[in-house]
Amino acid sequence: EVEVDEEDLAMDEEEFEELLQELEEEELEEAEAADVRKFERAEAKRQRNAVPICQRCHGLRHQKKGGEATRARAGAADDALTPEAFERLIIDEVRDRRGVVLLFVDFFDVEGSLACWRKLGALVGHKRRVLVAANKCDLLPNDVSKQRALSWVVRRCKETVPYLRDNLKETDVRLVSCRSGQGIGDLLQDSRDAAARARGDVFVCGAANCGKSSFVNRAVGAYSGGQNYKGVKAWGVTASASPGTTLGVVKINLRDDGPDVYDTPGLLQPGALGTVLTEEELQAITPKKLDVVTLRVSEGQCVLLGGLAKVEVVDAPLGAFFLTFYVAPTLTLHPTSSKNADAAFREKHAGGLLSPPFDSDRVQELGPFDSHVVDIDGRGFEGAAADVTLAGLGWLAVYGSGGRSLRA
């Protein structure tokens, strides 16, 4: 044992005063830093409020409503709000201009996000460099391999969009989160570097409601107040859960000499959930976090996802198996007999056991389910036999043994 002389540990009055002064200076620096952060937040709010915006944008930003009257959809009364009008706008404003396309897809609905871009080459030009950003990666469970998720997005891109089969490399695809800021800084810098090499600009494209405008706001916030992509937000453009929020090509001022960034209207896929749901219903299925729910389901049983979808076990000769759902917490899951899950049952329980939708009239307006049968070979219960995408709602993992069929 080492003996310590208590006198060696003693502190004289001068040393004590120095220590006290150091502590006071540290507390003062922390208080000053807190005041600076408070001032920056107040200044950012003042600048946002100083910019005049229309009543529609104010409702979309602050009240989560206000876009129904000017909502883009197939068959819209205003010809400028139809899918065809948005495609013409992309052709007129993007195709003949130099630069790169930054194509956003929703990780929750990759195929749906890409379906309206099957004519990508014709829309943006056949010699165009395309970078793909898969948004909402922050919602992936921790045990999901990011590399596996990235490779899956690349495959879906090449299988869905003919232009990308020979013009997309894995290094051109990024997993990002416009909500948390994850990956946004590198994505913005890399896309502007690629645009500079092409002597052009960055055109942010994608399907409606997949995160384009939220990405732009992150970029504006970062260039207005530093490079903290995870903490800085700005009202560069209006973003909301309502498809068709952006109605034109918007040039974003990043206040430097680099390539410009342009936000473009989201293209619409006819029949997609975003084009038929109300704003309240869209808010309910758009996740800020994921619920992970596992249910044991036997042959002849099903799971209703609110009143919007049904997953039914059609054939399971070796017995029940497990379905693990990854969905928004506000989307109800209700297991029941397949015989009970008819339209009358959905109308009776809309807004209660089954929501969204929130009333029986909406069940009738939405009409019957479209269905697809999926055949799956089970791999036991240690690993998922398949992941089934529920377009716009989430996905489910299937666990069990033997061959089986699902109808969804």
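Let us start with a charged pair: Glu-159 and Arg-156 form a salt bridge, and their closest N and O atoms are 1.8 Å apart. Keep in mind that this is a predicted model, so the 1.8 Å is a value computed from predicted coordinates. The two residues sit three places apart in helix α7 (residues 146-160), which means that about one helical turn separates them. Their surroundings are not alike: Glu-159 is partly exposed, with a relative accessible area of 48%, while Arg-156 counts as buried at 16%, because the cut-off for buried is under 20%. The pair also has company, since salt bridges that share partners join Glu-111, Arg-156 and Glu-159 into one network.

Now follow the helix that carries this pair. Helix α7 has 15 residues and reaches 21 Å from its first C-alpha to its last, close to the 21 Å expected at 1.5 Å a residue. Which of its residues are buried? They are Ala-149, Leu-150, Ser-151, Val-153, Val-154, Arg-156, Cys-157 and Thr-160. Arg-156 thus appears both in this buried set and in the bridge to Glu-159. The buried residues of α7 pack against α5 (110-115), β2 (129-135), α8 (162-165) and β3.

Strand β3 leads us to another salt bridge. Here the side chains of Arg-174 and Asp-190 meet, at 2.7 Å from N to O. This pair links distant parts of the chain, with Arg-174 in strand β3 (residues 173-175) and Asp-190 in helix α9, 16 residues apart. Both partners are partly exposed: Arg-174 has a relative accessibility of 24%, and Asp-190 has 29%.

Helix α9 itself deserves a look. Its 14 residues (184-197) should span 20 Å at 1.5 Å a residue, and the end C-alpha atoms are indeed 20 Å apart, so expectation and model agree. Buried in α9 are Ile-184, Gly-185, Leu-187, Leu-188, Ser-191, Arg-192, Ala-194 and Ala-195. If you trace the backbone just past α9, you will come to Arg-199, which takes a positive phi of about 55°.

Further along the chain, Lys-251 and Asp-260 bring their side chains together in a salt bridge of 3.4 Å, N to O. Lys-251 counts as exposed at 52% relative accessibility, whereas Asp-260 is partly exposed at 24%. Across the model, the count of salt bridges comes to 14.

Is the next stop, Pro-265, buried or exposed? At 0% relative accessibility, Pro-265 counts as buried, even though it is found in a loop, the one between β6 (261-263) and α11 (273-276). The C-alpha atom of Pro-265 is 9.0 Å from that of Val-204, a residue 61 positions away along the chain.

Next come some paired strands. Strand β15 (residues 403-407) runs antiparallel to strand β9 (residues 309-315), and three bridges join them. In this pairing, Asp-315 stands opposite Ser-405 in β15. Strand β15 is also joined to strand β12 (residues 373-377), again antiparallel, by five bridges. There, Asp-377 stands opposite Gly-403 in β15. As you look along these strands, it helps to recall a general point: in a regular strand the side chains alternate between the two faces of the sheet.

One more arginine is worth finding on your screen. Arg-346 lies in helix α13 (residues 343-349), and this residue is buried yet has no salt bridge. How far away is the nearest side chain of opposite charge? That side chain belongs to Asp-342, and it is 6.9 Å away, which is outside the bridge cut-off because a salt bridge needs nitrogen and oxygen within 4 Å. Apart from neighbours within four places in sequence, Arg-346 is in contact with Gly-307, Leu-354, Val-363, Gly-367, Pro-368 and Phe-369.

Finally, step back to view the chain as a whole. There are 14 helices and 15 strands, and 44% of the 408 residues count as buried. Among contacts with a separation of 6 or more, 71% are between residues 24 or more positions apart. The chain exposes about 21,500 Å², and carbon and sulfur atoms supply 47% of that area.

Methods. Residues numbered from 1 in each chain as written. Predicted model: local features only at pLDDT ≥ 70, side-chain atom pairs only at ≥ 80, totals over all residues. Heavy atoms only, no water. Helix = DSSP H or I, 4+ residues; strand = E, 2+ residues; numbered from the N terminus. Expected span 1.5 Å × (residues − 1). Buried < 20%, exposed > 50% of the residue type's maximum accessible area, 1.4 Å probe, protein only. Pairing = 2+ DSSP bridges. Lys, Arg positive; Asp, Glu negative; His and termini not counted. Contact = heavy atoms within 4.5 Å. Areas by Shrake-Rupley, 256 points an atom, 1.4 Å probe, with all protein chains shown as cover.
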